[in-house]
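Work through the exercises below with the sequence and the 3D structure at hand. Each task is followed by a solution that goes step by step.

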Amino acid sequence: MSNFALIDQMALLETLVNGNGAWCATVASECSTGATKPGLEKMAIARSIFGEPIYATPAEHVDIIVLQDQMRQPGDRDTAHLGESETIAIIISRQLRAAFVTDDRDAQRQAALRGIPVYSTWHILKLGVATGHLTSEDFLAAYQTLVDADRGHPPCGRGESSVAAWIIS
């Protein structure tokens, strides 16, 4: 969510979610905390996009810990990957027909291994272009902002010409 706040595209996220999104309690809490940071204030509207959070059951908490351990790297803080682990555990445990949006590569890998469709910020922005809710120029401006903030790059790689070709492919 922080990427969408950083590039001032929370409204795009809301449009594309179209009332069909959900989030877990940890992600909701992370967004509330994140909204207090400079440049991320717009994350505060996430609650209006995703509604009340889904809370994990005690049994799901065991799965969350296992998933989090599988994603954790040496030096990670205790809460690293917690929201992602909670989301994956809830989707699996409740057999939800859901897609998972994350830019966390470890979480992407774990979700994909479990058959959960995974999308990144870049895929959502590309969908915005494809549906006419975002111009190619706005995508490229978002690209530059995210790259400058060291928030990764699209799956097509780096370079404006590669990105421009990818968004219309």
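## Exercise 1: Phe-139 and the core

Task: In this predicted model, find which residues Phe-139 is in contact with, leaving aside its neighbours within four places in sequence.

Solution: Once the neighbours within four places in sequence are set aside, the residues in contact with Phe-139 are Trp-122, Leu-125, Lys-126, Val-129, Leu-134, Val-163, Trp-166 and Ile-167. The next step is to place Phe-139 in the wider picture: the largest nonpolar core has 42 residues, and of these Leu-125 and Phe-139 touch the most other members. As background, in soluble globular proteins nonpolar side chains tend to be buried together.

## Exercise 2: Confidence

Task: State where in the protein confidence is lowest and where it is highest.

Solution: Begin with the protein as a whole, which has a mean pLDDT of 96, with 100% of its residues reaching 70 or more. Then turn to the elements: confidence is lowest in helix H10 (residues 160–167), where the mean is 90, and highest in H6, where it is 98.

## Exercise 3: The length and faces of helix H5

Task: Compare the span that helix H5 (residues 58–71) should have with the distance between its end C-alpha atoms, and then work out which residues of H5 are buried.

Solution: Helix H5 has 14 residues, and at 1.5 Å a residue, counting one less than the number of residues, it should span 20 Å, which agrees with the 20 Å between its end C-alpha atoms. The buried residues of this helix are Glu-60, Ile-64, Leu-67, Gln-68 and Met-71. Seen down the axis of H5, these buried residues fall within an arc of 100°, and therefore they line one face of the helix. The face turned away from that buried side carries the exposed residues Pro-58, Ala-59, Val-62 and Ile-65. As for the packing, the buried residues of H5 lie against helix H6 (82–93) and helix H7 (105–113).

A single residue makes this packing concrete. Ile-64 lies in helix H5 and is buried, because its relative accessible area of 3% is under 20%. Leaving aside neighbours within four places in sequence, Ile-64 is in contact with Ala-56, Leu-82, Ser-85, Glu-86 and Ala-89. One of these, Glu-86, is 22 residues from Ile-64 in sequence, yet the two are 5.2 Å apart in space, C-alpha to C-alpha.

## Exercise 4: Helix H2 and the start of the chain

Task: Determine which residues are buried in H2, and follow the contacts of Met-10 and Met-1.

Solution: In H2, the buried residues are Met-10, Leu-12, Leu-13 and Val-17. Seen down the axis of H2, they fall within an arc of 155°, so they line one face of the helix. Their cover includes H1, helix H4 (46–50) and helix H8 (121–130). After H2 comes Asn-18, whose phi is positive, near 50°.

Met-10, found in helix H2 (residues 10–17), has a relative accessible area of 2% and is buried. Beyond its neighbours within four places in sequence, Met-10 is in contact with residues including Met-1, Phe-4, Lys-42 and Ile-45. Met-10 and Ile-45 are 35 residues apart in sequence and 7.7 Å apart in space, C-alpha to C-alpha.

Met-1 is found in the segment before H1 and is partly exposed, with a relative accessible area of 26%. Beyond four places in sequence, its contacts include Met-10, Leu-13, Trp-23 and Phe-50.

## Exercise 5: Asn-3 and two loop residues

Task: Decide whether Asn-3 counts as buried or exposed, and do likewise for His-81 and Gln-95.

Solution: Asn-3, which lies in helix H1 (residues 2–6), counts as buried at 7% relative accessibility. Its side chain makes a polar contact of 3.0 Å with the side chain of Asp-103. Not counting residues up to four places away in sequence, Asn-3 touches Asp-103, Thr-121, Leu-146 and Arg-151.

His-81 lies in the loop between H5 and H6 and, at 12% relative accessibility, counts as buried; its phi is positive, near 70°, in a residue other than glycine. Gln-95, in the loop between H6 and strand E1 (100–101), counts as exposed at 71% relative accessibility. Gln-95 is not a glycine, although it has a positive phi of about 50°.

Definitions and conventions
Residues numbered from 1 in each chain as written. Predicted model: local features only at pLDDT ≥ 70, side-chain atom pairs only at ≥ 80, totals over all residues. Heavy atoms only, no water. Helix = DSSP H or I, 4+ residues; strand = E, 2+ residues; numbered from the N terminus. Buried < 20%, exposed > 50% of the residue type's maximum accessible area, 1.4 Å probe, protein only. Arc of directions from axis to C-beta. Contact = heavy atoms within 4.5 Å. pLDDT = per-residue confidence, 0-100. Core = buried A, V, L, I, M, F, W, Y, C linked by side-chain atoms within 4.5 Å. Polar contact = N/O pair within 3.5 Å; in protein donor to acceptor, adjacent residues only side chain to side chain.
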